[in-house]
Every structure is written in structure tokens, then in C-alpha cells.
Amino acid sequence: MVWLTNQQIGTWKRKRILVGSLFICWLILMFITPKVPLHSFRHHVFADKRNFMGVPNTLNVMTNFPFLIIGVLGFVLCLGGSFFNISLKGEIWGWTLFYASVSSLAFGSAYYHLKPDDNRIVWDTLPILIAYSSLFSSFLVERAGERVGLSCLVLLLFISVLSVAYARVFNDLRLCMTFQLITCLAIPIMTVLLPPKYTHSRFWLLATAAHAVSKIEGLADSKIYNFNGYTISGHSLGHLCSALAMLLLTVMLLYRSIRFPR
């Protein structure tokens, strides 16, 4: 019994060290990276500017539709209660908010891509940050416990709003960008280091890989567009890869089962 108690204390300390280390890494990135201005025309220039049926930037707009399908489906299944293998109330809150933010992203990103500018980008960025926050919170509830996950959810949602406000007031995107980067790095690292509560844990890694590919495609927007003969741009492919990551997480929730009670 004493050994078990000491082991639990050691595990709890390790979890706190991991979360604290990620927060410190985030602060360091904020200080060592140069300012990334929000009010820059190049942020709103995409390779594919084609107009089909009167819809500006058609493919960049239409490739947001999978977000709506996955978001609405996931939201309904979360509320259904018996479809997803979710055992804790904190997980239900986190995953429900995640799918709600994904649904909002479909509208916000489509609205932004119809006429990309500094004023509309907030409707694209804020749902993304809320999705990151709720997803990471759900992950922490599973791996580190309900209290840690829900505490982080409140903090991360505050940081999400703060990041968008900071970008608009100080013309600096670093807070938004580093917030996304640290979250993407944290999930695969903690997937390996912390014991899973459920089966199908590899889907966390697969979803992270798909999302990383989407970011690379977005950075190589013009190069991909030129390479495939101006069929589809890297940015549009990035939308589809992000949707694939969300689909993988949905499949995980449908088929996983409890490995051991926490």
C-alpha cells in the first residue's frame, strides 16, 4: 500500500513537471522568436484565387465543408452519450467544446477566405485556438486526471482569447503561433510518456501527424499548387488534412475502450 501511494505521488509529480515544462518552453519561444506582424498583406495572399460560380477563392472556401460535417456529427454524438467511449464528465465537456469549435471553424474560416483581411482573420483564428484548447484539455483529462484537465481548459481558453486580443492590439502573431506549436508538440510527447487510459492510443499520434502535414502544406501553398498543375493549392489540401486529423480522433472515440480505470 505504501509502495502504491509513493508510486501515485511520483506519477502526479511527473505530470506536473511535464505540464510546467511545456509552459516554460512556450514562454521561451515567445521571447526568442522575432515579432510576426498581423497587419501584413502577405498573410492574406493565397496561391489559388480562382472563382467558381461567383464564390471568391472557391476551393479555399469549400474545403472548410468537412469541418462542418465532422463538427456537427461529433457534437451530436457527444450529446448522445452512448456513442463515444467517454467515461469522465470532464472529457464530455472537452470533446463537446472541441466539436462545437470545429463546427464554428467551418463558418469562420469560410467567411475569412471569401475576403481575406485583418478584420476577418479573427473569425478563423479564434475557433482554431478554442479547438486546440479543448482537445488538449480532453487529452489531459485522459492522461493526467480530470482535475488537471479541467483546470487547464479554463486556463487555455483564457490564453486563446488573450492571444487573439494580443495579436490585434500589439500587431504580433507570436502568441497565437507558439500556442498552437506547443500544443501540437505536447500531445505526441505526452502520448509516449504518460500511460493511456484507453485503447487505440496510436490515433493521437496519427492525428498529430496528419495535422503536421496540413501545416507543411499550408507553408508550401504556392509550390504545391504549381507542382500539381494548378489543380489544388497547398492551403486547400491543408484544410483537408486537418479534417482528416479530426476524423481520426472521431474514429478513436468510437472504437476505443477503457484499458484500466483511473
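1. A word on terms before the tour: a residue counts as buried when its relative accessible area is under 20%. Asn-64, at 1% relative accessibility, is therefore buried. Please keep in mind that this is a predicted model.

2. Let's stay with Asn-64 for a moment. This residue sits in the loop between α2 (58-62) and α3 (65-80). A polar atom of its side chain lies 2.9 Å from the backbone oxygen of Asn-60. Which residues does Asn-64 contact, leaving aside its neighbours within four places in sequence? They are Leu-105, Ala-106, Ser-109, Ala-110, His-113 and His-239.

3. Now the overall fold. The protein has 10 helices and zero strands, so a run of α-α-α-α-α-α-α-α-α-α from the N terminus on is what the definition of elements gives. Of the 262 residues, 47% count as buried. Among contacts with a separation of 6 or more, 76% join residues 24 or more positions apart.

4. Helix α5 (residues 121-144) is a nice one to check by arithmetic. At 1.5 Å a residue, its 24 residues should span 34 Å, and the C-alpha atoms at its ends are indeed 34 Å apart, so expectation and model agree. Is α5 enclosed or open to the outside? Of its 24 residues, 20 are buried, which means that the helix is largely enclosed by the rest of the structure. Gly-145 follows α5 and has a positive phi, near 115°.

5. A second loop residue is worth a look: Ile-86, found between α3 and α4. With a relative accessible area of 16%, Ile-86 is buried, because the cut-off is 20%. Not counting residues up to four places away in sequence, Ile-86 touches Cys-78, Glu-91, Ile-92, Trp-95, Tyr-198, Leu-253 and Arg-256. The last of these partners, Arg-256, is 170 residues from Ile-86 in sequence, yet the two are 9.1 Å apart in space, C-alpha to C-alpha.

6. On to empty space, which you may want to inspect on screen. The largest pocket holds about 1,800 Å³ of space. It is lined by 49 residues, of which Gln-180, Lys-215, Gly-218, Leu-219 and His-235 are the closest to its centre. Which elements give two or more residues to this lining? They are α4 (89-114), α5, α7 (174-193), α8 (202-219), α9 (221-227) and α10 (234-255). By class, the lining of the largest pocket comprises 27 nonpolar, 17 polar and five charged residues.

7. The closed space can be described briefly. How many cavities of 30 Å³ or more does the structure hold? There is one, and the largest cavity has about 50 Å³ of space. Leu-38, Ile-121, Val-122, Thr-125, Val-164, Ala-167, Arg-168, Leu-173 and Cys-176 line the largest cavity, with α5 and α6 (146-170) as the elements that give two or more residues to the lining. Seven of the lining residues are nonpolar, one is polar and one is charged.

8. One thread to take away is helix α5. Its residues are mostly buried, 20 of the 24, and α5 gives two or more residues to the lining of the largest pocket and also to that of the largest cavity. If you open the model, α5 makes a handy place to begin.

Terms used
Residues are numbered from 1 along each chain as its sequence is written. This is a predicted model: local features need pLDDT of at least 70, side-chain atom pairs count only at pLDDT 80 or more; totals for chains, interfaces and linings use all residues. Side-chain values use heavy atoms; hydrogens and water are left out. Helices (H or I, at least four residues) and strands (E, at least two) are DSSP runs, numbered from the N terminus. Buried means under 20% relative accessible area, exposed over 50%, partly exposed in between (1.4 Å probe, protein chains only). A polar contact is a pair of N or O atoms within 3.5 Å; within protein, one must be able to donate a hydrogen and the other to accept it, and residues adjacent in sequence count only if both atoms are side-chain atoms. Contact means heavy atoms within 4.5 Å. The expected span of a helix is 1.5 Å times one less than its number of residues. On a 1 Å grid over the protein atoms alone, a cavity is a set of points where a 1.4 Å probe fits but cannot get out, and a pocket is an open set with protein on both sides within 12 Å along at least five of seven lines; lining residues have an atom within 4 Å of a point. Grid points are joined across faces, edges and corners, and a volume is the space filled by probe spheres set on the points. Ala, Val, Leu, Ile, Met, Phe, Trp, Tyr, Cys and Pro count as nonpolar, Asp, Glu, Lys and Arg as charged, and the others, Gly among them, as polar.
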